[in-house]
Amino acid sequence: LFASVEMTPGDPILGLTEAYLADTRAGKVNLGVGIYYDEQGRIPLMRAVREVEQALALEAKSRGYLPIDGMPAYDQATQRLVFGAESPLLAAGRVATSQTVGGSGALRVGADLLRKALPEAKVAISSPSWENHRVVFTAAGFEVVDYAYYDPSTHGLDFAGMQADLGKLEPGTVVLLHACCHNPTGVDLTVEQWKQVVALVKDRGLLPFIDMAYQGFDKGIDADAVAVRLFAESGIESFVVANSYSKSFSLYGERVGALSIVGANREETLRVQSLVKRTIRSNYSSPSTHGAALVAGVLNSVELRAMWEAELGEMRERIHAMRAGMVEKLAANGAPQFDFIQRQAGMFSYSGLSKAQVDRLREEYAIYAIGTGRICVAALNRGNLETVVAAVGAVSRL
Ligand code: LMR
């Protein structure tokens with residue numbers, strides 16, 4: 001029956017983790033997948049999350065089905081975090097938020113919904129973008145095109161190219177934008193550049209779809225949401241936001257994310273929400289309870305939210321310190337050309353390492369990075385930094 005099924009290539013990110021786990025060499029380092037590890041090399045269970053989890057265990061509540069669009073306390077807390085508690089859009093009932101199976105689930109539900117609402121539209125993603133963006137939107141039936149974003153010669157943003165490409169898109173095109181901590185490059189827009197992009201997108205009649213998977217990982221909760229806030233203020237009729245708590249709550253396996261759709265008015269938003277619910281019901285029916293209860297429990301408590309934000313701040317500072325440490329040690333190792341790593345933001349850096357250099361890192365040094373040269377700086381710690389720097393220095397010298 002399946003005789004004609006061909007072997008599908010492994011996932012470039014999660015497939016690499018499989019290879020890493022199978023590697024028996026001591027001292028191996030996984031700079032592939034986007035996961036934050038602490039100084040001890042562990043995925044943290046955040047203090048505020050632990051508090052809620054313990055309280056939930058004591059309550060030992062029964063588990064009915066959640067509504068199709070998720071736990072109301074979670075959806076409302078998410079809206080306030082993403083749009084700001086005082087957002088006029090929320091007061092006007094113009095945002096429909098649905099709990100989804102992680103940020104990827106939000107992207108896919110959003111993509112399926114847009115395919116029904118805008119069957120002729122194309123989707124434009126940054127060049128490069130997270131590998132799965134193209135996969136998700138293509139699987140939903142869209143033609144995916146690229147817009148210029150990264151300039152390898154400066155390891156920074158090709159802003160002129162980005163503006164030129166966005167300016168050429170057909171009105172109605174869906175534009176996928178990374179809110180902050182761009183994955184895979186670590187290269188973000190300044191607030192001033194965001195203002196120009198918001199104006200351009202609005203004038204051109206494009207539909208922004210903002211992916212915010214790293215809120216709080218660069219500057220802080222509100223500062224990292226500046227793109228969302230600027231679109232909200234711009235008077236644009238509709239836009240879409242996918243957000244994830246995988247990284248900001250260190251709840252990767254709980255698959256906690258949300259899709260928020262901004263409609264022109266309350267009535268239109270309700271109609272869109274009915275289509276979101278149909279889309280979810282026809283896919284996985286309704287989301288699961290535990291992760292959402294953890295996030296809602298933290299965000300809806302003043303004390304726990306403050307505790308969470310403080311710990312997130314510590315994680316952010318640790319990443320900044322690792323970036324600085326890497327640049328300093330590489331320079332001391334005769335590789336001063338990596339100073340741009342400190343200018344990039346979030347979990348990732350597009351290191352500029354070639355596929356051949358990445359292969360050598362893995363084969364000779366048991367250090368795993370994505371073939372594009374993307375490294376996860378959030379997996380560095382004082383215990384593995386020297387090893388990584390020595391290996392990166394060695395492969396970039398020869
Ligand atoms: C990543 O980019 O490494 C993460 O977002 C994990 C994933 O699902 O790819």
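How many residues does helix 10 have, and how far does helix 10 reach from its first C-alpha to its last? Select residues 266-281 to find out: helix 10 has 16 residues and reaches 22 Å, close to the 22 Å expected at 1.5 Å a residue. Keep in mind as you click around that this is a predicted model.

**Stop 1: helix 10**

With helix 10 still selected, color Thr-269, Val-276, Thr-279 and Ile-280, its buried residues. They cover an arc of only 90° around the axis, which puts them on the same side of helix 10. An α-helix has 3.6 residues a turn, so residues three or four places apart point the same way. Now spin the view to the face turned away from that buried side, where you'll find the exposed residues Glu-267, Leu-270, Arg-271, Ser-274 and Arg-281. What covers the buried residues of helix 10? Show strand 2 (95-101), helix 5 (102-117) and strand 10 (256-262), which are included in that cover.

**Stop 2: Thr-97 and helix 3**

Stay with strand 2 and pick Thr-97, which sits in that strand. Is Thr-97 buried or exposed? It counts as buried, because it has 28 C-beta neighbours inside 10 Å and 20 are enough. Skipping its neighbours within four places in sequence, Thr-97 is in contact with Asp-75, Thr-78, Gln-79, Ala-258 and Ser-260. You can also draw a C-alpha to C-alpha distance from Thr-97 to Tyr-74: they are 23 residues apart along the chain and separated by 9.3 Å.

Next, select helix 3, residues 72-83. Helix 3 has 12 residues, and the 16 Å between its first and last C-alpha is close to the 16 Å expected at 1.5 Å a residue. The buried residues here are Tyr-74, Asp-75, Ala-77, Thr-78, Gln-79, Leu-81, Val-82 and Phe-83. Step just past the helix and you land on Gly-84, with a positive phi near 95°.

**Stop 3: helix 8**

Jump to residues 191-204, which are helix 8. At 1.5 Å a residue its 14 residues should span 20 Å, and the end C-alpha atoms are indeed 20 Å apart. Color the buried residues of helix 8: Trp-194, Val-197, Val-198 and Val-201. These lie on the same side of helix 8, because they cover an arc of only 105° around the axis. Over on the other side, Glu-192 and Asp-203 are exposed. Which elements do the buried residues of helix 8 pack against? Bring up helix 7 (159-168), strand 7, strand 8 and helix 9. Helix 8 is followed by Gly-205, whose phi is positive, near 75°.

**Stop 4: backbone oddities**

Most residues other than glycine have a negative phi, and most peptide bonds are trans. Here are some exceptions to click on.

- Back up to the loop between strand 7 (174-178) and helix 8, where Pro-184 lies. The peptide bond joining Asn-183 and Pro-184 is cis, with omega about 20°.
- In the loop between strand 7 and helix 8 you'll also find Cys-181. Its phi is near 50°, a positive value in a residue other than glycine. Cys-181 is buried, because 28 other C-beta atoms lie within 10 Å.
- Go to the loop between strand 3 (123-127) and helix 6 (131-139) for Pro-128. The peptide bond from Ser-127 to Pro-128 is cis, with omega near 0°.
- Move on to Ser-285, in the loop between helix 10 and helix 11. Though not a glycine, Ser-285 has a positive phi of about 75°. Ser-285 counts as exposed, because it has 10 C-beta neighbours inside 10 Å and the limit for exposed is 12.

**Stop 5: helices 11 and 12**

Finish with helix 11 (residues 290-299) and helix 12 (residues 302-332). Their axes are 6 Å apart and cross at an angle of about 100°. That makes helix 11 roughly perpendicular to helix 12. Show side chains where Gly-297, Val-298 and Leu-299 in helix 11 meet Leu-304, Arg-305 and Trp-308 in helix 12. By type, the residues of this contact divide into 4 nonpolar, 1 polar and 1 charged.

One last hop goes from Leu-299 to Gly-220: they are 79 residues apart in sequence and 15 Å apart in space, C-alpha to C-alpha. Gly-220 lies in the loop between strand 8 (207-212) and helix 9 (226-233). With 14 C-beta neighbours inside 10 Å, Gly-220 counts as partly exposed.

Technical notes. Residues numbered from 1 in each chain as written. Predicted model: local features only at pLDDT ≥ 70, side-chain atom pairs only at ≥ 80, totals over all residues. Helix = DSSP H or I, 4+ residues; strand = E, 2+ residues; numbered from the N terminus. Expected span 1.5 Å × (residues − 1). Arc of directions from axis to C-beta. Contact = placed C-beta atoms within 7 Å. Axes fitted to C-alpha atoms, helices over the stretch in contact; angles between N-to-C directions. Parallel < 35°, antiparallel > 145°, perpendicular 65-115°, else oblique. Nonpolar A, V, L, I, M, F, W, Y, C, P; charged D, E, K, R; others polar.
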